[in-house]
Structure formats: structure tokens, C-alpha cells
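This report describes the fold, the charged side-chain pairs and several local backbone features of one protein. The sequence and the structure are shown below.

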Amino acid sequence: MAKLLIVDDEVKIREVLREYALFDGYEADEAADGMEAVSKAKDNKYDLIIMDVMMPRLDGYSAVKEIRKSLDTPVLMLSARVEEYDKLFGFEIGVDDYVTKPFSPKEVMARVSAILKRGRQKSRTIKSDGLEIDVAGRNVFVDGAKAEMTPKEYELLFYLAENAGIAVSREKLLTDVWGYDFFGDDRTVDTHIKMLRASLGPYRDKIVTLRGLGYKLEL
């Protein structure tokens with residue numbers, strides 16, 4: 001049974017999400033601000049964190065950055081901010097998905113399910129030259145050294161690896177990697193591809209740009 005941490009300074013939002021989480025068969029814990037969220041995340045093993053952005057003491061972005069120093073727990077962000085810049089910033093610091101307020105609790109639970117499903121990937125290690133992709137362990141090694149990536153970079157690389165040699169459009173990447181119809185544009189994918197290439201170092205050229213279409217990974 002997956003265990004969730006619901007973080008929001010509004011009691012009613014926490015109560016509603018907890019009720020839906022329990023109904024869907026999850027365990028659920030709560031935190032009222034970013035400081036409490038960081039503390040609980042370090043002391044407990046959660047399968048996913050639902051994190052609000054605007055909170056007292058420590059905002060959601062700062063809490064995620066602190067959690068990411070030691071944990072790779074998936075994060076679903078709740079935000080009243082709809083600007084693309086805010087979403088891209090969140091992805092860069094390790095947020096896995098976004099739900100914009102006001103939201104439907106059913107939609108939040110659907111996003112939770114999609115993120116957890118992506119995380120339950122079967123064991124597989126892919127090797128090509130000095131690049132090693134450990135899907136199950138969520139690790140990537142470049143010439144024997146572990147590459148430090150954001151959760152979304154990992155998901156993007158794993159998806160490309162599972163479809164190695166196949167041309168994948170930006171729209172397909174948005175749908176399958178982000179798990180929903182992203183309200184932005186193709187620059188979201190391009191930004192993450194740029195970050196991913198930087199993380200791959202000498203093997204950055206294994207991600208090939210297909211002009212006017214998308215990308216493919218050549219192993």
C-alpha cells in the first residue's frame with residue numbers, strides 16, 4: 001500500500017485529499033507547512049508527496065529543494081501559479097507533476113496513480129559504451145560515475161531508452177512522460193532535453209534531434 005504525504009496550509013484541502021487518498025487505498029499523512037514536510041519526509045518513507053507551493057515558514061519549492069538533497073520521493077505540486085516559468089522552475093528542482101488550483105480531488109488522485117505507476121518499472125539495465133542506465137534503481141552512470149539528475153530527467157531518459165532507436169515526437173513525450181496534456185508548449189521538452197544532455201556529458205550526442213519532429217536515443 002503506497003503512503004502519501006499531503007502538504008498544505010489549508011486544513012480543508014488536506015482533509016479532502018486525505019479522504020480521497022484513503023478511499024483509493026493509500027495511506028496518508030499530513031503536514032501544514034514546508035518545514036513540517038521536510039521533517040516528516042526525512043523521518044518517514046513516503047511513496048509520493050503532494051506539496052502546495054504557497055505556505056508559511058517554508059514554501060513548497062524550498063521544501064522540495066531541501067528534500068531533494070537526500071531523497072528522490074516523487075512530488076506532485078499544487079499551485080495557484082499558472083505561468084510556464086513557475087512550472088519549468090518546479091521541474092528543474094525535481095517536481096514530477098503539477099495540478100493547478102482550484103482542482104478536482106479525482107484529478108489529483110489520477111495524477112498520483114500515474115506517477116506511482118511510472119515508478120513501478122520492471123528491472124532492466126541498459127548499457128551503451130560508457131553509459132549505463134539502471135531503470136529499476138533509477139540510476140545512470142557515465143563512465144562509471146553516477147550522474148546527478150532531476151526525477152524528470154530520469155523519467156525522460158528511461159522513456160527514450162525503452163524506445164531506443166524510435167523517433168518520438170515532443171507531443172508523445174509530453175503525454176507519456178508527464179502523464180497528461182501539458183498546458184504549455186514544446187519548449188518544456190526542449191528544456192529538459194538540454195538538461196539531460198548536460199547530465200550525460202560525453203554521451204550527450206546519443207540523444208538525436210529530429211528536426212520538426214522530436215528526439216530519439218541511439219544506443
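In what follows, helices (H or I, at least four residues) and strands (E, at least two) are DSSP runs, numbered from the N terminus. The model under discussion is a predicted one.

## Overall architecture

On that basis, the secondary structure of the protein consists of eight helices and twelve strands. The radius of gyration is 17 Å, close to the 17 Å that the globule rule gives for 219 residues, so the protein is as compact as a globular protein of that length. The C-alpha trace spans about 50 × 35 × 30 Å along its principal axes.

Of the 219 residues, 51% are buried. When contacts with a separation of 6 or more are considered, 57% of them involve residues 24 or more positions apart. The accessible surface amounts to about 10,600 Å², and carbon and sulfur atoms contribute 50% of that surface. The protein carries 34 positive and 40 negative charges, and the mean positions of the two sets are 3 Å apart.

## Salt bridges

Side chains of opposite charge can pair when their charged atoms come close. With a cut-off of 4 Å between a side-chain nitrogen of Lys or Arg and a carboxyl oxygen of Asp or Glu, the count for this protein is 16 salt bridges. Three of these pairs are listed here with their N to O distances.

| Positive residue | Negative residue | N to O distance |
|---|---|---|
| Arg-18 | Glu-30 | 3.9 Å |
| Arg-111 | Asp-97 | 3.7 Å |
| Arg-170 | Asp-190 | 2.9 Å |

Which elements does the salt bridge between Arg-18 and Glu-30 link? Arg-18 belongs to helix 1 (residues 11-23) and Glu-30 to strand 2 (residues 27-31), so that the pair, twelve residues apart, links distant parts of the chain. Arg-18 has a relative accessible area of 29% and is therefore classed as partly exposed, the limits of that class being 20% and 50%.

The salt bridge between Arg-111 and Asp-97 also links distant parts of the chain, with Arg-111 in helix 5 (residues 105-119) and Asp-97 in strand 5 (residues 97-100), 14 residues apart. Are these two residues buried or exposed? Both Arg-111 and Asp-97 are buried.

The salt bridge between Asp-190 and Arg-170 connects two helices: Asp-190 is in helix 8 (residues 187-200) and Arg-170 is in helix 7 (residues 170-177), with their positions 20 residues apart in the numbering. The two partners fall into separate accessibility classes. Asp-190 is partly exposed, because its relative accessible area is 27%, whereas Arg-170 counts as buried because its value is 14%. In addition, Asp-8, Asp-52 and Lys-101 are joined into one network by salt bridges that share partners.

## Backbone features in loops

Lys-101, a member of the network just described, also precedes a cis peptide bond: the bond from Lys-101 to Pro-102 has omega near -5°. Pro-102 is placed in the loop between strand 5 and helix 5.

Two residues other than glycine have a positive phi. Arg-57, with phi of about 70°, lies in the loop between strand 3 (48-52) and helix 3 (60-67). Arg-57 has a relative accessible area of 64% and is therefore exposed. Asp-143, with phi near 50°, is found in the loop between strand 8 and strand 9 (145-146).

Gly-137 occupies the loop between strand 7 (131-134) and strand 8 (139-142). Its relative accessibility is 35%, so Gly-137 counts as partly exposed. The C-alpha atoms of Gly-137 and Thr-125 are separated by 8.9 Å, and the two residues are twelve apart along the chain.

## Surroundings of Glu-66

Glu-66 is located in helix 3. At 26% relative accessibility, Glu-66 is counted as partly exposed. Which residues does Glu-66 contact, leaving aside its neighbours within four places in sequence? Its contacts of this kind are with Val-38 and Lys-42. Lys-40 is 26 residues from Glu-66 along the chain, and the C-alpha atoms of these two residues are separated by 12 Å.

Terms used: Residues are numbered from 1 along each chain as its sequence is written. This is a predicted model: local features need pLDDT of at least 70, side-chain atom pairs count only at pLDDT 80 or more; totals for chains, interfaces and linings use all residues. Side-chain values use heavy atoms; hydrogens and water are left out. Buried means under 20% relative accessible area, exposed over 50%, partly exposed in between (1.4 Å probe, protein chains only). The radius of gyration is taken over C-alpha atoms; the globule rule is 2.2 Å times the number of residues to the power 0.38. Contact means heavy atoms within 4.5 Å. Accessible areas come from the Shrake-Rupley method with a 1.4 Å probe; for residues, only the protein chains shown count as cover. Lys and Arg count as positive and Asp and Glu as negative; His and the chain ends are not counted. The place of a charge is taken as NZ of Lys, CZ of Arg, CG of Asp or CD of Glu.
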